[in-house]
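Trainee: I have a new structure open and don't know where to start. Can you walk me through it?

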Amino acid sequence: MLLNDIASDSLKHAKRMDHAESYVVRTVTHSAYIDGSRISNIETKIDSGISVRVSKNGRLGRSCATLNDTDSAEKCVNSAISLSSFSPKNNGFRGYPVPSPPKIKVNGIFDRRIEDITDAELKDILSAVIGSCGSEIPRGLLRLSTIGSAVANSNGLLTEHRSTLIYGHFTSMFRGTRNGEGTESLHDVSLNVDPEHIGAELERKAKASASAVPFRGKEKMTMILPPSELGDMMMSSAGSALNGENVFYKRSLWSDKTDKEVASECLTMIDDPSVPGPLCSEFDDEGTPAQKKVLVENGVLRKFIYDSYIGESTGNGIRRNSTDAQNIYNSAVGIRPMNLIVVPGKYSCDEMIEQTKNGILVEKFAWPEADALTGRFGLEVRCGHLVRNGRITETINNALMMGNMMDALAHVEFIGNDGKNQGCVTVPTMSFSGTELVGN
């Protein structure tokens, strides 16, 4: 049975409910692993499931199930109905989306080569990564998924989505007088993988880390972040502030700052699902039309993002994530951008370094994330390049980078021209003043 038929037919069992929604998804995932610079395993998983949400007299229920027999969908609906009778009343719930035409056209999010890939082709990709890296690769993962989904609700809505997803994560280790580690991640929707580049970057980063020396003292300096380290930092700070749920509950630092300056005037941020990315689609996972939205314009806050539960949806009710297509039906709807883009600037990374008097280009944080509510961070620098008067002078580690990402957004020095997708955010290299580096 087709996914849209399953989604529509399951609603027949929820006719007595005020509101009902069915989300059905089927994924095929090919995964290949590296262990100790050797390909250790290649596997394929097929996953089909359903998630049902219902409401009666303001009482909401949700259930999910694997579609492993002909009664699975009906059982899932009955479970959601049963759970709704135990839930507290929610007078603010407005119901699920009504049918609406798409507002954008999204191309380039499905690659048949991923759907048809063979184990031999996966092996060739990983072999090329290993062969082009002169250092050891202790761990590696390459995951390619094909995703098909349909959402139907009691308002007569029925939408479908089909896409492909690539996620890769690799670690490297250089062993010498001093050991060094490197990492490289991959986010994409098409099979435009350059395994030789991945291998070369893994070796370069591991060798750079091995040459690092402990940083001593404490200095205020410019922080230069490449996309690999900035992506999560941006999502955990600005992404959290733009989240409509955080705005509703007054957790967002930008809750009352619409049409006010919240960042440097050189910073513009757009959620643009029409630019291919792992979460991009013409409709979100509730069936609301996705749309291009200017969220921050020249430093001024213009808009927040919402799903149908919190407010008037902006097409940002998402179940999918950018790294794993398995068990999507188990995920509750959350608010997140489809493709949060920092509009790139005109500078190359080298030009940014040349114009920096005193700073650090961070190659690798232990974990690049800011506090979602305050924006504060204190992050271990595993590998960073000190910049003195426009040139890199030494590579350091064993240091703590301290600051506040929300403050940093108001003190942007340069924005690079090298935007790169990091899942649901696309960012270039950026530099920020006012941060502090603390060593031993």
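Mentor: We can go through the overall build, then the surface, then the cysteines.
Mentor: Keep in mind that this is a predicted model.

Trainee: How many helices and strands does the protein have?

Mentor: The count is 9 helices and 22 strands.

Trainee: And what is the radius of gyration?

Mentor: The protein has 23 Å. A compact globule with 440 residues would have a value near 22 Å, so the two agree. Along the principal axes, the C-alpha atoms fill a box of roughly 70 × 55 × 35 Å.

Trainee: What share of the contacts links residues 24 or more positions apart?

Mentor: Such pairs make up 72% of the contacts with a separation of 6 or more.

Trainee: Switching to the surface. How many of the residues count as buried?

Mentor: Of the 440 residues, 56% do. The protein exposes about 18800 Å², with 47% of that supplied by carbon and sulfur atoms.

Trainee: What about the charges, how many positive and negative?

Mentor: There are 48 positive and 55 negative charges, and their mean positions lie 4 Å apart.

Trainee: Now cysteines. How many disulfides are there?

Mentor: A search of the whole structure finds 0.

Trainee: Why is Cys76 not bonded to Cys64?

Mentor: Because the two sulfurs are 6.4 Å apart, too far for a bond, and Cys64 holds the closest cysteine sulfur to that of Cys76. Cys266 is in no disulfide either; its nearest cysteine sulfur, in Cys349, is 16 Å away.

Trainee: Are those two, Cys76 and Cys266, buried or exposed?

Mentor: Cys76 counts as buried because its relative accessibility is 2%. Cys266, at 39%, counts as partly exposed.

Note on methods
Residues are numbered from 1 along each chain as its sequence is written. This is a predicted model: local features need pLDDT of at least 70, side-chain atom pairs count only at pLDDT 80 or more; totals for chains, interfaces and linings use all residues. Side-chain values use heavy atoms; hydrogens and water are left out. Helices (H or I, at least four residues) and strands (E, at least two) are DSSP runs, numbered from the N terminus. The radius of gyration is taken over C-alpha atoms; the globule rule is 2.2 Å times the number of residues to the power 0.38. Buried means under 20% relative accessible area, exposed over 50%, partly exposed in between (1.4 Å probe, protein chains only). Contact means heavy atoms within 4.5 Å. Accessible areas come from the Shrake-Rupley method with a 1.4 Å probe; for residues, only the protein chains shown count as cover. Lys and Arg count as positive and Asp and Glu as negative; His and the chain ends are not counted. The place of a charge is taken as NZ of Lys, CZ of Arg, CG of Asp or CD of Glu. A disulfide is a pair of cysteine sulfur atoms within 2.5 Å.
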